[in-house]
Amino acid sequence: MNLWKNKKALLLAGVLLACFATPVKAKHGVAIPVLNYHSIGVTPGNTYVLHPDTFTRQMDYLAAHHYTPLTLDEFASVLSHKMPSPAHPVLLTFDDGYANNVEVALPILQKHKFPATLYLSTGLVNTPGYLTWPQIHELSAAGWDIASHTVTHPHLPKLSKKAQREEILAARAKIEQELGKPANTFAYPYGDYNRKTLRILKKAHFSYAFTTHSGWASSDQPPLELHRIVVDSQKPFEEWVQQLTEDTSK
Ligand SMILES: [Zn+2]
C-alpha cells in the first residue's frame, strides 16, 4: 500500500516537473527555437508564403503562452551564457526581404511588441515585391535587426571563394553603411554552405550563422551552423506548435 502511494507520489512529481520545467536546456548548454519566416501573404500552395491569418494565430499563440521573442543581441547573450534566459525564449527571423514584411508582418508583431530579425539579400532591395531602403529603415527603427543574406541569393557552394566573399561581405557592408549598426550574423541562402563559406565568415568575424538544419539552435552547435525551424505554410498548426515546443537539438 505504502509502496503504491510512493509510486503515485513519484508519478505526480514527474508530471509536475514535466509541466513546470523550462525547455531551454540542451545537452550542456542553452537551446532556443529560432523560427524562420519568408513571405507573409496570400499565395495558396507556396510553402514559403504564410497566410497573414496563420501568422497572426502563431503570434497570438506566442503571446498567450508567455514566449519572449528576443533581439539578436539578447539571443547572442543568452546563447553565450552572458544573460539568463527568459522562461520561453524565441527568435523570429525573416529571410530575403519581402515588402510584406513591413506591410503585413510588422503591424502584427507591433501589436505584441515583438522584435524580429531580417536576413536581407541586398540585391533584391527596390525590386518588385521586395523592400525598399526607406522600408528597411522603418523596420530598423521599429526594433528589427537587419543582417546579411548575401547580395544576389546564390547557392554559395557553387561559387569560387572570391565570389562567395564578395556576396557575403558586400551585403554586410551595404547594410552597415545604410543603418549604421553592425550586421555580423548571417543566414545561408537555401541553407547551402561549404568549408570555404565557413572560413570566410570566421575570418570576417561573423558571430553566428543560421543554416536550415531543422530544430532548435543550441550553444552545443557550432556558432556558424545554428539550426532553425523553417515555417512551412502547408503544415498544420499543431505541427508548428510541436516544432516550437520540442527541443530537437539534443
Ligand atoms: Zn533566402
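The secondary structure of the protein chain comprises eight helices and 12 strands, taken as DSSP runs (H or I of at least four residues for helices, E of at least two for strands) and numbered from the N terminus. This is a predicted model, in which local features need pLDDT of at least 70 and side-chain atom pairs count only at pLDDT 80 or more, while totals for chains, interfaces and linings use all residues. Residues are numbered from 1 along each chain as its sequence is written, and side-chain values use heavy atoms, with hydrogens and water left out.

Of the 250 residues in the protein chain, 47% are buried; buried denotes under 20% relative accessible area, exposed over 50%, and partly exposed the range in between (1.4 Å probe, protein chains only). The chain exposes about 12,600 Å², of which carbon and sulfur atoms supply 57%; these areas come from the Shrake-Rupley method with a 1.4 Å probe, and for residues only the protein chains shown count as cover. Contacts, defined by heavy atoms within 4.5 Å, often span long stretches of sequence: among those between residues at least 6 apart, 66% join residues at least 24 apart.

The zinc ion takes its protein donors from Asp96 (OD), His149 (NE2) and His153 (NE2), which lie 2.0 to 2.1 Å from the ion. Donors here are N, O and S atoms within 2.8 Å of the metal (3.2 Å for Na, K and Ca), and the site may look incomplete because water is not among the atoms. Along the chain, the donors follow the spacing D-x52-H-x3-H. Both His149 and His153 are buried.

From His149 the description can pass to Tyr188, since His149 is among the contacts of Tyr188 beyond four places in sequence. Tyr188 occupies the loop between strand E9 (185-187) and helix H7 (195-203). Its relative accessibility is 1%, so Tyr188 counts as buried. The other contacts of Tyr188 outside that sequence window are Leu156, Tyr193, Thr197, Leu198, Leu201, Ala209, Phe210, Thr211 and Leu224. Pro154 is 34 residues from Tyr188 along the chain, and their C-alpha atoms are separated by 9.2 Å.

Which residues does the buried Ile229 touch beyond its sequence neighbours? Ile229 belongs to strand E12 (residues 226-230) and is buried because its relative accessible area is 1%. Neighbours within four places aside, Ile229 contacts Pro33, Val34, Leu35, Asn36, Gly215, Trp216, Gln243 and Leu244. Trp240 stands 11 residues from Ile229 in sequence, with 8.9 Å between their C-alpha atoms.

Salt bridges are assigned where a side-chain nitrogen of Lys or Arg lies within 4 Å of a carboxyl oxygen of Asp or Glu. By this rule the count is four. One of them joins Lys111 to Asp60, with the closest N and O atoms 3.6 Å apart. Lys111 lies in helix H4 (residues 100-112) and Asp60 in helix H2 (residues 52-64), so this pair ties together parts that are 51 residues apart in sequence. Lys111 counts as exposed because its relative accessibility is 59%, whereas Asp60, at 32%, counts as partly exposed.

Another salt bridge links Lys174 and Glu178 at 3.3 Å, N to O. Both residues lie in helix H6 (residues 161-179), four residues apart, or about one turn of the helix. Lys174 is partly exposed at 28% relative accessible area, as is Glu178 at 23%. A further bridge pairs Glu239 with Lys235, the closest N and O atoms being 3.5 Å apart.

Lys235 also takes part in an internal space. Cavities and pockets are found on a 1 Å grid over the protein atoms alone: a cavity is a set of points where a 1.4 Å probe fits but cannot get out, and a pocket is an open set with protein on both sides within 12 Å along at least five of seven lines; lining residues have an atom within 4 Å of a point. Grid points are joined across faces, edges and corners, and a volume is the space filled by probe spheres set on the points. Three cavities of 30 Å³ or more result, and the largest has a volume of about 90 Å³. It is lined by 13 residues, of which Val231, Asp232, Lys235, Pro236 and Trp240 are the closest to its centre. H2 and helix H8 (237-245) are the elements giving two or more residues to this lining, and H8 gives the most, with four.

The largest pocket has a volume of about 290 Å³. Its lining holds 16 residues, with Leu72, Asp73, Asp145, Pro182 and Asn184 nearest its centre. Helix H3 (72-79), strand E8 (145-148) and H6 each supply at least two residues of that lining.
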